[in-house]
Amino acid sequence: MRRSLDRAACIDDLRTLARRRIPRFAFDLVDGGAESERNMRRNVEALERVELTPRYMVDVSRIDTGTTLFGKAFDLPFGMAPIGMLNAFWPGADLTLARLCKRENIPYVASSAASTALEALAEAADGNGWFQLYVSGDDQVTEGLIARAEAAGYEVMMVTVDVPAAGKRDRDIRNKLAVPFRFTPEVIAQCAAHPRWALSSLRNGTPNVANYADLLKSATSYADVQKTLITPGFSWESLEKLRARWAGKLLVKGILHADDALRCARIGCDGIVVSNHGGRQVAFGPPTADVLPAIAAAVSDQMTVIMDSGIRRGADVLRAKALGADFCLTGRAMAFGVGAGGAAGADRAMDILKLELIRALGQLGTPQFEGVGPQHLGG
Ligand SMILES: Cc1cc2nc3c(=O)[nH]c(=O)nc-3n(C[C@H](O)[C@H](O)[C@H](O)COP(=O)(O)O)c2cc1C
């Protein structure tokens with residue numbers, strides 16, 4: 001396994017390795033997007049289309065990838081996006097990534113829907129953890145999560161607003177993913193073809209949505225799970241209440257329009273994540289690279305602008321910075337690393353992104369990440 005990880009030159013190579021190692025139903029859970037998956041593909045394409053012009057004869061012998069967010073210095077300008085149920089992809093994935101983020105001194109965003117409890121993730125991320133909130137239809141459930149996040153010491157909370165309805169993911173429907181998880185003949189056949197994954201999963205137990213484990217015990221359908229996790233009733237008034245409730249930094253994840261970003265700023269939020277959930281919510285939406293410039297122009301003097309969806313290369317983080325983002329999150333890129341080889345695979349993904357980023361800064365003639373800006377765009 002080590003040898004194949006060492007041969008992986010880029011995140012796409014890690015994805016190929018992960019696809020080989022993981023049964024299809026579990027691989028598709030992470031790899032898939034909404035409906036035709038157009039939005040998911042376009043995220044990557046739109047970033048690739050952004051051209052940055054190298055400037056040479058600048059001394060780049062010392063590269064500085066660091067940046068500061070909310071008064072805290074981070075060593076790299078990207079962090080780990082919140083991912084629900086990632087232990088179904090590879091056992092122990094959540095804790096592996098939380099520990100890695102601590103080691104690399106970057107943020108780790110613990111999902112409400114993670115397969116590991118938020119307290120354990122706070123401990124593993126050890127000061128580098130942020131908490132991602134899904135607002136439930138049941139106020140008591142939401143308040144319970146917020147109180148636990150406070151008690152666990154999270155200082156940054158990110159509320160995800162782009163799930164008024166669950167995304168329709170055709171691959172999951174074809175794979176007949178059910179709640180509670182069922183060992184259908186297809187699933188058994190796929191597990192048998194991936195014995196290492198199956199054994200490791202058996203040892204670690206069936207993954208669940210740990211933060212809601214008790215509440216979901218009686219769930220018999222996805223509809224039950226969705227009602228516990230999310231609500232179509234979340235509104236601007238709900239966001240104002242959340243702002244009043246949460247004393248720490250509050251970020252809003254899932255912003256795709258400058259007017260919505262401005263309204264978040266007016267409500268007193270500390271930042272936004274320009275995100276389309278990695279193309280997992282709708283197929284018809286725009287890629288984040290296309291909407292980022294207008295959003296950043298509207299609010300970057302008032303709040304922190306983070307971008308995600310489609311980051312697959314170190315240079316993508318520079319592209320996002322040139323388009324106006326202060327920082328990026330990456331979801332699948334790091335997930336593919338874990339899927340390709342557990343902790344060693346996650347390390348490999350991190351090294352790939354980090355070294356690509358350092359190389360690209362040198363090529364761009366900009367020794368400091370903070371020096372990248374719109375002046376690098378185009379010719
Ligand atoms: C399998 C999977 C599960 C996700 N779960 C969550 C979640 O629980 N909460 C959330 O806010 N976003 C979730 N996201 C979206 C990510 O936080 C992020 O926005 C997205 O992965 C970025 O796109 P990328 O995968 O192209 O980097 C999930 C994404 C994936 C791939």
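Helices (H or I, at least four residues) and strands (E, at least two) are DSSP runs, numbered from the N terminus. This is a predicted model: local features need pLDDT of at least 70, side-chain atom pairs count only at pLDDT 80 or more, and totals for chains, interfaces and linings use all residues. Residues are numbered from 1 along each chain as its sequence is written, and side-chain values use heavy atoms, with hydrogens and water left out.

**View 1. Ser275 sits in the loop between S8 and H14.** Ser275 has 0% relative accessibility, so Ser275 counts as buried (under 20% relative accessible area; exposed is over 50%, partly exposed in between; 1.4 Å probe, protein chains only). Contact means heavy atoms within 4.5 Å. Leaving aside residues up to four places away in sequence, Ser275 touches Asp162, Thr288, Asp308 and Ser309. Its other contacts on that count are Lys253, Gly254, Ile255 and Leu256.

**View 2. Strand S7 (residues 249–255) is mostly covered.** Of its 7 residues, 6 are buried. Two strands pair if DSSP finds at least two bridges between them. S7 pairs with strand S6 (residues 156–160) in the parallel sense, over 5 bridges. Here Met158 stands opposite Leu251. S7 also pairs with S8, again parallel, over 4 bridges. In that pairing Val252 faces Ile272 as its opposite residue. S7, helix H13 (residues 258–267) and S8 form a right-handed β-α-β unit. Right-handed has a set sense: with the strands pointing away from the viewer, the path from the first strand over the helix to the second runs clockwise.

**View 3. Strand S9 (residues 304–307) has buried residues pointing both ways.** Thr304 and Ile306 point one way. Val305 and Met307 point the other way. In a regular strand the side chains alternate between the two faces of the sheet. Strand S8 (residues 271–274) runs parallel to S9, and 4 bridges join them. Val274 of S8 stands opposite Met307. S8, helix H14 (residues 288–299) and S9 make a right-handed β-α-β unit.

**View 4. S9 also joins strand S10 (residues 327–330).** The two strands run parallel, with 2 bridges between them. Cys328 in S10 is the bridge partner of Met307. From S9 the chain crosses through helix H15 (residues 314–322) to S10, in a right-handed β-α-β crossover.

**View 5. Leu14 and Ile272 touch the most other members of the largest nonpolar core.** Such a core is a set of buried Ala, Val, Leu, Ile, Met, Phe, Trp, Tyr and Cys residues joined through side-chain atoms within 4.5 Å. This one has 110 residues. Helix H16 (residues 332–364) gives the largest share, 16 residues. Leu14 touches, among others, Leu5, Ala8, Phe336, Ala340 and Ile352, not counting residues up to four places away in sequence. Another core, of 12 residues, lies apart from the largest one. Among its members are Phe74, Val156, Val273 and Ile306. In soluble globular proteins, nonpolar side chains tend to be buried together.

**View 6. The ligand is surrounded by 22 residues.** A residue is near the ligand if one of its heavy atoms lies within 4 Å of it. The closest are Pro82, Ser111, Thr160, Asp308 and Gly310. A polar contact is a pair of N or O atoms within 3.5 Å; within protein, one must be able to donate a hydrogen and the other to accept it, and residues adjacent in sequence count only if both atoms are side-chain atoms. A polar backbone atom of Pro82 is 2.7 Å from a ligand oxygen atom. For Gly310, a polar backbone atom is 2.8 Å from an oxygen atom of the ligand. Gln132 uses its side chain: a polar atom there lies 3.1 Å from a ligand nitrogen atom.
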